[in-house]
Amino acid sequence: MGGCQSHPSAADTQIVPQPSDVNKLGDNNNELVLEERPYLQQQYVSERITHTDITALTALPPGLDQAEWLASNTVAFFKHINLFSSTLSELCTPTTCPTACGPNNIVYTWTDDQGKKLRCSAPLYFDYTMSYIQDLLTDEDVFPTRAGSVFPAGFVFLVKKVFLLLFRVLAHIYWSHYREALVLGLHPHLNTLFIHLTHFSLQHDLLEAEHTQPLQDLIIALGQYSLT
């Protein structure tokens with residue numbers, strides 16, 4: 001079974017200030033942070049395609065089995081994020097993105113079925129990601145669709161893995177392709193997807209704080225609760 005790991009880039013030794021620290025720095029440092037991370041600029045942070053009550057949208061409906069709720073949302077998030085990432089596929093190539101990286105140039109590596117860690121280009125990493133998730137979603141033993149079927153004992157563990165992988169897809173887009181998303185006018189869609197994913201993950205305990213830390217500044221800027 002494939003897997004994933006993340007490692008700080010060896011070239012990245014500078015600690016990037018968190019949002020709470022920015023105001024303590026000079027204006028020049030603040031401008032540098034915003035230049036490196038344009039997705040934190042207020043005029044972009046405020047844009048999304050809907051202002052629906054996200055808590056109501058992600059809460060478990062009364063009377064519905066939690067596994068059913070997790071399953072249906074996992075499928076929906078996969079479809080939406082896969083579709084969104086495909087719109088940028090021509091801009092994410094082995095040449096432009098020789099490694100799969102996120103904020104602070106953290107590098108994501110894939111673990112193959114033999115346990116070997118693969119440091120690969122972003123498009124290859126995300127091809128592995130989407131293929132792995134697609135295989136899970138179409139596995140009747142993992143995501144059962146027949147009436148009377150039960151979810152496996154390790155179902156929540158697998159859902160958490162899927163959400164981690166999907167989070168990394170969005171993290172790479174924010175870090176490496178946000179300017180292209182701006183040019184294409186896709187940033188409101190990206191913000192909306194990210195808000196929905198992080199809030200759902202928080203509400204259902206699907207992502208660890210260490211996994212979301214690279215984009216914690218964005219989570220705060222978007223008005224989300226801290227994943228702690």
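The expected span of a helix is taken as 1.5 Å times one less than its number of residues. In the predicted model described here, helix α8 has 17 residues and reaches 24 Å from its first C-alpha to its last, close to the 24 Å expected at 1.5 Å a residue. Helix α5 gives a similar reading, because its 21 residues should span 30 Å at 1.5 Å a residue and its end C-alpha atoms are 30 Å apart, which agrees.

These two helices belong to a protein with ten helices and four strands, whose elements run, from the N terminus on, β-α-α-α-α-α-β-β-β-α-α-α-α-α. Of the 228 residues in the protein, 45% are buried. Where contacts between residues at least 6 apart in sequence are considered, 73% of them join residues at least 24 apart. A pair that is distant along the chain is given by L40 and Y174, which are 134 residues apart in sequence and whose C-alpha atoms are separated by 10.0 Å. L40 is found in the loop between α2 (27–36) and α3 (42–45), and it counts as buried because its relative accessibility, 16%, is under the 20% limit.

Helix α8 is mostly covered, with 13 of its 17 residues buried. One residue of this helix is S201, which counts as buried because its relative accessibility is 0%. The side chain of S201 reaches the backbone oxygen of L197 at a distance of 2.7 Å. When neighbours within four places in sequence are left aside, S201 is in contact with F163, L206 and L207. Beyond the helix, α8 is followed by D205, whose phi is positive, near 55 degrees.

In helix α5, the buried residues are A67, W69, L70, A71, N73, T74, F77, F78, I81, F84 and S85. The buried residues of this helix pack against α4, α6 (122–137), α7 (155–183) and α8. T74, which lies in α5, is buried, with a relative accessible area of 0%. Apart from its neighbours within four places in sequence, T74 is in contact with L137, F143, V159, V162 and F163. F163 is thus a contact of T74 and also a contact of S201. At the N-terminal end of α5, D65 acts as a cap, with a side-chain oxygen lying 3.1 Å from the backbone nitrogen of A67.

The loop between α4 and α5 contains L60, which counts as partly exposed at 36% relative accessibility. Not counting residues up to four places away in sequence, L60 touches D65, Q66, W69 and H204. Among these contacts of L60 is D65, the residue that caps α5. L60 is also ten residues from L70 in sequence, and the two C-alpha atoms are 8.9 Å apart in space.

Helices α4, α5 and α8 also take part in the largest pocket. About 500 Å³ of space lies in this pocket. Its lining is formed by 25 residues, of which T50, I54, T192, L193 and H196 lie nearest its centre. The elements that give two or more residues to the lining are α4 (54–58), α5 (66–86) and α8 (187–203). By residue type, the lining of the largest pocket divides into twelve nonpolar residues, twelve polar residues and one charged residue.

Backbone geometry was also examined in the loop between β2 (101–102) and β3 (106–111), which is the place of N104 and in which N105 also lies. Most residues other than glycine have a negative phi. N104, although not a glycine, has a positive phi of about 65 degrees, and N105, likewise not a glycine, has a positive phi of about 60 degrees. N104 counts as partly exposed at 23% relative accessibility, and N105 is partly exposed, with a relative accessible area of 34%.

Methods: Residues numbered from 1 in each chain as written. Predicted model: local features only at pLDDT ≥ 70, side-chain atom pairs only at ≥ 80, totals over all residues. Heavy atoms only, no water. 1 Å grid on protein atoms, 1.4 Å probe; cavity = no way out; pocket = protein on both sides within 12 Å on 5 of 7 lines; lining within 4 Å. Points joined across faces, edges and corners; volume = space filled by probe spheres on them. Nonpolar A, V, L, I, M, F, W, Y, C, P; charged D, E, K, R; others polar. Buried < 20%, exposed > 50% of the residue type's maximum accessible area, 1.4 Å probe, protein only. Polar contact = N/O pair within 3.5 Å; in protein donor to acceptor, adjacent residues only side chain to side chain. Contact = heavy atoms within 4.5 Å.
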